[in-house]
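Notebook open, model loaded. I want to go through the contacts, the cores and the odd spots one by one.

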Number of protein chains: 2
Amino acid sequence: MHKLTERQKLILGLVVQDYVEAAQPVGSKHLVDRYGLDVSSATVRNEMAELTETGFLRQPFTSAGRVPTEEGLRFFVGELMHRQELPVSLKHTISHQFYQARHEVQQWMRLAASVLASQSRAASLITPPQSQQARFKHLELILTTGKQVLMVLVLESGQVIQQMLVLKEAFPQEKLSSTAEQLSSMLRGKTQAEMPAPPEAMGTLAAEIFRLVQVELDRLSTGFGEVYHDGWTNVLAEPEFSEGDAAQRALRVLEERPLLEDLLAQVMNESEIGGVQVLIGGEGRWEQLNDFSLVLARYGSQNAASGYLGVLGPIRMSYGRAVSTVDYVAGLLSEMVSESMTEKSSD
Amino acid sequence: MHKLTERQKLILGLVVQDYVEAAQPVGSKHLVDRYGLDVSSATVRNEMAELTETGFLRQPFTSAGRVPTEEGLRFFVGELMHRQELPVSLKHTISHQFYQARHEVQQWMRLAASVLASQSRAASLITPPQSQQARFKHLELILTTGKQVLMVLVLESGQVIQQMLVLKEAFPQEKLSSTAEQLSSMLRGKTQAEMPAPPEAMGTLAAEIFRLVQVELDRLSTGFGEVYHDGWTNVLAEPEFSEGDAAQRALRVLEERPLLEDLLAQVMNESEIGGVQVLIGGEGRWEQLNDFSLVLARYGSQNAASGYLGVLGPIRMSYGRAVSTVDYVAGLLSEMVSESMTEKSSD
DNA sequence: AATTAGCACTCTCGATATGAGAGTGCTAAT
DNA sequence: ATTAGCACTCTCATATCGAGAGTGCTAATT
């Protein structure tokens, strides 16, 4: 890691700050004028030359101002940045909103996406809480009307999956209940991988449900469901998106599932819940992300359900704001998740 | 309505077709060459001049080729266009996919959004089926773990709403069941507006659930839930989105709820299920939609659940393809909806 | 040794000019 | 009614140019 003098750090910090605000290369004179430095522009020039040498700044073209490189931004985020916490009053408002939405996970997601987007002024992405290793606990089948049946699948983590089924033929509630009971005791505590082969003597109803449970457990262990999002109009208003294929490339992150899954898997796999990961540019690994940055976090609890959330913006985004917003919302959602499963019954 | 000669119609049609493909003004000579017309370019020029007079064509600037006006496109869609039906083999593949997804409404939505987007080559939007006047039929409360309770709300339409609740305190299953029974008989057949005032003597649990049912019925009668979508990368690849604020304005349709609600209300309120509505440009009413077109339909069944779906593209979109795709998918989903509620029990 | 004033130098960007080309509208002939 | 012919118009791509911003370097200063 490079060693920078205090003054170099100061200048790098100011360049980043100014560039983030103005979206334009920043010159030495501009810097001393704007921030009242007590050195001359020539001194700043020399320092800038050195920072360019080190790879933290670059010139878009000879004799233009300086712009931070991805490397420079990484250094900034790692060592120089200070978070821009949300005002306390705003935090109160937000947690109040979450409190009102406490009954519906869907509402959490919408609200979280909205808060993330508006506070970070970038596009937000968030996946619902899911348990990584779905472990069967209990099954119920509820007749609603005709062949339409509601399957309620309860996991050991406390997560509940509800699903409407349309069966091949109609069955009375008693038959449904007994089948559910039978399958429940057969599958208790099992993960998808541990499920036994279906017994020969199983009825058609039981066999159908058995298969559906299998599919559902599998689905829960892979992928991450619907992706909620908001604030794309924020980022598309930024000048770097106003022409070329930048807008299209950004949306690709949302619409190309494999990309997003790969991304989350690689970036977040070593990360604890609670940490915020900042991905600046493609980092060499994702060409599609050039010129974009992502600020990501995982929320939930280790042994139960967890999900991902984050914001996407131009490389020139306000990292201080983004990191603190993501961190705050992740914390809030973690509370919501654990709140929703306190006082577990001992069964 | 203007009266056009057959030849004028032919020329208008060709101009539209060529413009849609090439995204460029089309000239008289180009037209006769490309489509082997047996008249000279001078004749075509005269006809074009007339069509410009009538308001169906316009010149981006003096002595450029012609481009259809919104008026011209409307005439084209109304009188000249022929649908471009999907190949039968493709239809088979698609309905097979829907068949496999028949158990989960969420899957319908994703699949429909994906099919709409890829076949129309535009951005797709779709809302889940919802009953316009939610009428209470039946309520169940299922204890899952601790204070976490699943509320299952069955409507007379056959629609089932499942919702996770986190109660203020824990209750045993018997208490939940009896409360559900009590509320079920009290509210049977009622809409949100018809619900009685809550009796004084109601327990805290009953009161809480009562309020939630009210909120839920209200939510179901207004708005349209999550909007699924796909294919934005399709449209953003079109040249008209490559610069300026076009991309941002398009995304606004997705992110600004009030706009979309207003739009659907106004465009679709007089429309029967089954009809496809084409909205070209803002039609004067929606400034935000200038340069965009929407092809919309409603699916489901009148007296039960229904939803909206459609595609959004540049004004220069392939209407033949879009209309037939939207119509086809709407029909498919209508089948899915009615299928999922056949053989209603007589209760 | 670090800082700074001064200055020549470089490169972009916007304005201006120019010419080729596409496509038209009109007139006169068919 | 159609068409050939042609002058005319306007855009777009390209080239040229000068202003201005900002640099890097050198020599003077602290």
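Before anything else, my element names: helices (H or I, at least four residues) and strands (E, at least two) are DSSP runs, numbered from the N terminus. Residues are numbered from 1 along each chain as its sequence is written, while chains are lettered from A and ligands numbered from 1 in the order in which they are written. I keep in mind that this is a predicted model, where local features need pLDDT of at least 70 and side-chain atom pairs count only at pLDDT 80 or more, whereas totals for chains, interfaces and linings use all residues.

**DNA strand D**

I looked up which element gives the most to the surface near DNA strand D. It is α3(A), with five residues. "Near" here is a C-beta atom, placed from the backbone, within 6 Å of the molecule or strand. I find 21 residues around strand D, and the closest are A:G27, B:S40, B:T43, B:T62 and B:S63. At least two residues each come from α2 (28-35) and α3 of chain A and from α3 of chain B. By type I get seven nonpolar, 11 polar and three charged. My classes: Ala, Val, Leu, Ile, Met, Phe, Trp, Tyr, Cys and Pro are nonpolar, Asp, Glu, Lys and Arg are charged, and the others, Gly among them, are polar.

**DNA strand C**

Strand C has 20 residues around it, with A:S40, A:T43, A:T62, A:S63 and B:G27 coming nearest. The elements supplying at least two residues each are α3 (41-54) of chain A plus α2 (28-35) and α3 (41-54) of chain B. α3(B) has the largest share, four residues. The split is seven nonpolar, 10 polar and three charged.

**Chain A against chain B**

I then checked the protein-protein contact, counting two residues as touching if their C-beta atoms, placed from the backbone, lie within 7 Å. Chain A puts in 45 residues and chain B 44 residues. On the chain A side, two or more residues come from each of β5 (136-145), β6 (148-155), β7 (160-166), α9 (232-236) and α10 (246-255). β7(A) gives the most to that side, six residues. I sort the chain A side into 18 nonpolar, 15 polar and 12 charged.

**Cores**

For burial I use C-beta atoms placed from the backbone: a residue is buried with 20 or more others within 10 Å of its own, exposed with 12 or fewer, and partly exposed in between. A nonpolar core is then a set of buried Ala, Val, Leu, Ile, Met, Phe, Trp, Tyr and Cys residues joined through C-beta atoms within 7 Å. The largest one holds 141 residues, and A:A112, A:L309, A:V326, B:A112 and B:L309 touch the most other members. Another core, of 48 residues, lies apart from it and includes A:L153, A:L155, B:V152 and B:L176.

Around B:A112, leaving aside neighbours within four places in sequence, I list contacts with B:I126, B:L309, B:V329 and B:L333.

**Helix α4 of chain A**

Which residues of α4 (70-80) in chain A are buried? I note A:G72, A:L73, A:F75 and A:F76. They line one face of the helix, because seen down the axis of α4(A) they fall within an arc of 160°, taken over the directions from the helix axis to the C-beta atoms. Their cover includes α1 (6-22), β1 (57-58), β2 (67-68) and β9 (276-280) of chain A.

**Odd spots**

A:R121 has a phi near 55°, positive although the residue is not glycine. A:R121 sits in the loop between α6 (105-120) and β3 (123-126) of chain A and counts as partly exposed because 19 C-beta neighbours lie inside 10 Å.

B:D291 also goes on my list, with a positive phi near 75° in a residue other than glycine. Its loop runs between β9 (276-280) and β10 (292-300) of chain B.

B:E156 is in the loop between β6 (148-155) and β7 (160-166) of chain B. Buried or exposed? B:E156 is buried, because 21 C-beta neighbours lie inside 10 Å. Beyond four places in sequence, B:E156 touches B:R135, B:K137 and B:G189.

**Confidence**

Last, pLDDT, the predictor's confidence in each residue from 0 to 100. Chain A averages 89, and 96% of the residues score at least 70. Over residues 343-347 of chain A pLDDT stays under 50, and the model has eight contacts for them beyond four places in sequence. Where pLDDT is low, the predicted coordinates should not be read in detail.
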